[in-house]
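Student: Could we work through this model by way of its charged pairs, its enclosed parts and its pocket? I would like each answer to be reasoned out before it is given.

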Amino acid sequence: RHALQGTRLGFYYNAAELADLRRFGMVPEQARMVAIPGSGADTDRFAPQPMPAGAPVFLFIARMLRSKGLEDLLTATRALRAEGRRFRVELLGPTDSNPDAIDEATLRQWHAAGEVTWHGATRDVRPYVAAAHVLVLPSWREGTPTSIMEGMSMGRPAVVTDAPGCREVVRPGVNGYLVPVRDPQALASAMEAFITSPQDIARMGQAGRELALSEFDAEKVAARILEDMHVPATEDAL
């Protein structure tokens with residue numbers, strides 16, 4: 001509160017964050033607060049890629065944390081496998097020292113059992129997104145999930161929770177589906193919708209790409225910030 005008491009302009013990622021900033025008095029009441037979608041996505045670097053052949057691949061990109069909904073995803077995966085559905089789930093991201101983390105031994109056990117494929121960490125997610133059909137992030141809360149915006153930019157739909165941050169980037173039925181937080185059954189149903197209607201994957205993926213260009217492009221986000229700060233949006237400033 002002391003550090004921010006002179007704030008006149010601030011930026012926030014989602015409505016829940018703004019509510020917390022106001023509720024805890026972190027910024028002065030007179031401060032103007034502007035919503036931005038994180039840092040956006042580099043829509044040139046994350047260019048559209050053709051859909052791969054084969055059964056649907058659901059890709060989870062995040063740190064291996066319970067609060068990212070990882071155990072909910074595993075429960076949903078097991079339920080769909082019990083129904084005989086053909087699909088794959090791939091996990092991309094590092095382990096973590098956070099007490100909330102899934103330990104490496106458990107991840108390797110899931111991998112060895114064929115329930116999921118865990119790739120570990122990477123410095124470039126693009127080949128994994130290109131090899132997948134749908135991104136999935138059943139997180140309990142986010143700021144603005146960059147991985148989902150980058151996946152949208154590459155033409156991939158998403159299944160995410162109706163949670164702060166996640167709901168800001170997915171339009172239900174347009175570029176993916178929203179499911180309740182900590183609801184593996186609803187998550188399984190949304191994943192099943194893509195499995196049984198694969199034609200929706202490309203359609204929603206294209207809609208996601210259009211959203212990425214119109215609302216989440218990194219250069220547009222930067223220009224918006226500079227405009228609010230009254231800084232000329234020159235090439236050097238960007």
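Student: In this predicted model, how far apart, N to O, are the side chains of Asp-20 and Arg-23 where they meet in a salt bridge?

Tutor: Both residues belong to helix 1 (residues 15-23), where they sit three residues apart, about one turn of the helix. Asp-20 counts as partly exposed at 23% relative accessibility, whereas Arg-23 is exposed, with a relative accessible area of 58%. Their side chains meet in a salt bridge whose N to O distance is 2.8 Å.

Student: Which residue is joined with Asp-20 and Arg-23 into one network after we also consider the pair of Asp-162 and Arg-167?

Tutor: Asp-162 and Arg-167 form a salt bridge with their closest N and O atoms 2.8 Å apart, and Asp-162 is partly exposed at 37% relative accessible area. Salt bridges that share partners build a network from Asp-20, Arg-23 and one further residue, Arg-141.

Student: How many residues apart in sequence are the parts that the pair of Glu-115 and Arg-78 ties together?

Tutor: Glu-115 forms a salt bridge with Arg-78, the closest N and O atoms being 2.6 Å apart. Glu-115 lies in the loop between helix 3 (104-112) and strand 5 (117-118), while Arg-78 lies in helix 2 (residues 70-82), so the parts tied together are separated in sequence by 37 residues.

Student: Is Glu-192 buried or exposed?

Tutor: Glu-192 lies in helix 6 (residues 184-196), and, leaving aside its neighbours within four places in sequence, it is in contact with Leu-80, Glu-83 and Arg-85. Because its relative accessible area is 19% and the cut-off is under 20%, Glu-192 is classed as buried.

Student: Why is helix 5 described as largely enclosed by the rest of the structure?

Tutor: What covers its buried residues includes strand 3 (57-61), helix 4 (126-130), strand 6 (134-137), strand 7 (158-161) and helix 7 (199-215). Among the buried residues of helix 5 are Ile-148, Met-149 and Met-152. Helix 5 is largely enclosed because the buried residues number seven of its eight.

Student: Which helix gives the most to the lining of the largest pocket?

Tutor: The largest pocket holds about 310 Å³ of space and is lined by 20 residues, of which Ile-61, Val-125, Thr-146, Ser-147 and Glu-150 lie nearest its centre. By class, that lining comprises nine nonpolar, five polar and six charged residues. The element that gives the most, with three residues (its own span being 146-153), is helix 5.

Notes
Residues numbered from 1 in each chain as written. Predicted model: local features only at pLDDT ≥ 70, side-chain atom pairs only at ≥ 80, totals over all residues. Heavy atoms only, no water. 1 Å grid on protein atoms, 1.4 Å probe; cavity = no way out; pocket = protein on both sides within 12 Å on 5 of 7 lines; lining within 4 Å. Points joined across faces, edges and corners; volume = space filled by probe spheres on them. Helix = DSSP H or I, 4+ residues; strand = E, 2+ residues; numbered from the N terminus. Nonpolar A, V, L, I, M, F, W, Y, C, P; charged D, E, K, R; others polar. Buried < 20%, exposed > 50% of the residue type's maximum accessible area, 1.4 Å probe, protein only. Contact = heavy atoms within 4.5 Å. Salt bridge = Lys/Arg side-chain N within 4 Å of Asp/Glu carboxyl O.
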